[in-house]
Amino acid sequence: QAEAFAVDLSNCDREPIHILGIIQPFGFLVAITPDWMVARVSENIDQFTGMAAHDVLGQPLTHLLDREAIHTIRNRLTTLRGADAVERIFALPLLAGKPPFDVALHFAGREIVIEAEPAALEPIEATSVVRSMIGRLQQVEGLPAFLREGARQVRAITGFDRVMVYRFDAQESGEVVAESARHGIDSFLGLHYPASDIPAQARQLYLRNTFRVIADVGSTPVPLLPQRDPDGLLLDQSLSVLRAVSPIHIEYLHNMGVCASLSISIVVGGKLWGLFACHHYSPRLPSMAARSAAELFGQMFSLMLDARENAQAREYEARGRAVTDRLLATVAQDNDLLDNPQWLADVIGDAIPADGIGVHVRGQTSLVGLTPNDDQFDSIVRLLNRVSSGQVFATETIAKMLPAAADHADVAAGMLAIPLSREPRDYIVLFRAERLREVRWGGKPEKEMVHGPNGPRLTPRKSFEAWAQLVKGTCQPFTPAERRVAEALRVGMLEVLVRLAETAGVERA
Ligand code: BLA
């Protein structure tokens, strides 16, 4: 039997999910030593080969598999050259007189791992499939449409009922930012989940191995035999395509009413940007070729997303610079505009998205949009005089420094303050409302479910509540790019004000 790690809600970020010693039953696994002796097999090997585990363990691989097949495997392994990757051979006749298998190969420590599942009846041409998928993506304009098209493409190739683009934020909680779903099921678009739904070690693993499928949430996992090798080591299943997953995650899927789950990592700039997360409401296993194509698509999609995000960041900063230039040129012409908060708010709100703007210039205060009231704003200005030291200052929770600010978190939870001068302290303050205000709970994806041993926490609605608790009183964070634009505005304004002061001095003299 597999050695159990007693996992519960409190320790699931420590569960060693890469060495659970179990696989899913849709294929079998053979691990061999460097001299091609069978070191471990999955207990279900007899169902696929007709030979029981004790017949083959400790025997040369030739005892189990056809010589021709072993030759093919050996050749393919040389192309791997010890790389941290998986090679695949489609429709390989592993056993004389039996139908062929789709085979995945990789190295795990000193062992060579061979995983096999019955070959697909209708093989697909992965390269041409992926090429046409990429072609469609290239035609799309704008990030939201790009993400939606990505989800649509993944649904087309996997046939899953629901495909979501799940994006991580800076705190590693996540949001469903795009979705393609079968007609007639509720939408998950816009839903948020806390980081703990995908624990750290899983995210780490998903960076290294970018694809996984759980073909049947209700199936019974199959143990590896033996669990430990003569050195006492468990098999590292990080790259295994049959790897069975944590019972906690199985329960989560079960509580969601999901019967099959598949996810593909989206890796941008070496970081896990997000996942394509796919659900099916009956068991489902795309062929190994279709899975490889989906994995390759995920890699191409990630590269394209990286390029788009870079272009977008450059575009954003250029727009920020243009706004700064416009503002400075106009103020230089007509410095009375500095006393026109609506105008300031319009121009600056163009560069940095905000729900409201407060302006405190030359002793005058004006508030536009969703903001604290006058008294509350006064307290904020006093706070800024203490903390901002002439620099741009941003926080997603004003209440952290000014507890009374919790009272207006619903309309103004966080702020970015741009000081306009040193003495007296003038500021433009951009406010953002609490994130929860903007968040929709889309439909009612969770039917009433019977809860398993870990209780009701493992459901999307409870997850959402956990996330809501986490972000209560905070706004959407101000990004580094937004802070840079704000800083450019600050420096530019300071120049203009200095110049105005000089001209005024000359006129007076
Ligand atoms: C893994 N959790 C995952 C995965 C997803 C999610 C996508 C990747 C595995 C897969 O493809 O199924 C979470 N799935 C979601 C979310 C949505 C979704 C947020 O569809 C939103 C619509 N999970 C929990 C809690 C724990 C937990 C509380 O909710 C731990 C206490 C554990 N999740 C957990 C573990 C894995 C996981 C251990 C790793 C599974 C594996 O790869 O072995």
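Let's start inside one helix, α7: Pro247, Ile248, His249, Ile250, Glu251, Tyr252, Asn255 and Met256 are all buried there. Buried here means that 20 or more other C-beta atoms lie within 10 Å of the residue's own; exposed means 12 or fewer, partly exposed is in between, and the C-beta atoms are placed from the backbone. That makes eight of the 10 residues of α7 buried, so the helix is largely enclosed by the rest of the structure. Just after α7 comes Gly257, with a positive phi near 80 degrees.

Two housekeeping points before I go on. Please keep in mind that this is a predicted model: local features need pLDDT of at least 70 and side-chain atom pairs count only at pLDDT 80 or more, while totals for chains, interfaces and linings use all residues. Residues are numbered from 1 along each chain as its sequence is written.

Now the overall picture. The protein has 13 helices and 18 strands; these are DSSP runs numbered from the N terminus, H or I of at least four residues for helices and E of at least two for strands. Of its 509 residues, 41% are buried. Its C-alpha atoms fill a box of roughly 105 × 50 × 45 Å along the principal axes. The domain assignment gives domain 1, residues 22–309, and domain 2, which is made of 334–434 + 473–508; such bounds come from an automatic or database assignment. Between the C-alpha centres of domain 1 and domain 2 there are 50 Å.

Which residues are closest to the ligand? They are Cys12, Val245, Ser246, Ser261 and Ser263, out of 29 residues that surround the ligand. To count, a residue needs its C-beta atom, placed from the backbone, within 6 Å of the molecule. Our helix α7 (247–256) turns up again here: along with β10 (211–214), β12 (260–268), β13 (271–280) and α12 (460–471), α7 gives two or more residues to this shell. By type, the shell has 19 nonpolar, seven polar and three charged residues. In that count, Ala, Val, Leu, Ile, Met, Phe, Trp, Tyr, Cys and Pro are nonpolar, Asp, Glu, Lys and Arg are charged, and the others, Gly among them, are polar.

On to the cores. The largest nonpolar core has 92 residues, and Leu29, Val30, Val103 and Phe276 have the most contacts inside it. A core is a set of buried Ala, Val, Leu, Ile, Met, Phe, Trp, Tyr and Cys residues joined through C-beta atoms within 7 Å. Helix α8 (residues 288–333) gives this core its largest share, eight residues. Apart from it lies another core of 41 residues, including Ala394 and Cys475. What does Leu29 touch, leaving aside its neighbours within four places in sequence? Its contacts are Ile23, Val41, Ser42, Val113, Glu115, Leu224 and Leu242, where contact means C-beta atoms, placed from the backbone, within 7 Å.

Helix α8 also has an exposed spot. Ala318 lies in α8 and is exposed, with 10 other C-beta atoms within 10 Å. The C-alpha atoms of Ala318 and Ile45 are 61 Å apart, with their positions 273 residues apart along the chain.

Next, the sheets. Seven strands make an open, antiparallel sheet in the order β1-β11-β3-β2-β6-β5-β4; strands pair if DSSP finds at least two bridges between them. β1 (22–23) and β4 (87–92) are at the edges with a single partner strand each, so one side of each has no neighbour in the sheet. β1 pairs with β11 (residues 222–225) over two bridges, and Ile22 stands opposite Pro223.

Elsewhere, β7 (residues 162–168) and β8 (residues 174–181) run antiparallel, joined by seven bridges, with Arg167 partnered by Glu175. β7 and β8 form a hairpin with five residues between them, and Glu172 in the turn has a positive phi of about 70 degrees. β8 also pairs with β9 (residues 192–193), where His192 is the bridge partner of Glu175.

Finally, some backbone details. The peptide bond from Leu225 to Pro226 is cis, with omega near -15 degrees, and Pro226 sits in the loop between β11 and α7. Trp36, in the loop between β2 (28–32) and β3 (38–42), has a positive phi of about 60 degrees although it is not a glycine. Trp36 is partly exposed, with 14 other C-beta atoms within 10 Å.

Conventions. Contact = placed C-beta atoms within 7 Å.
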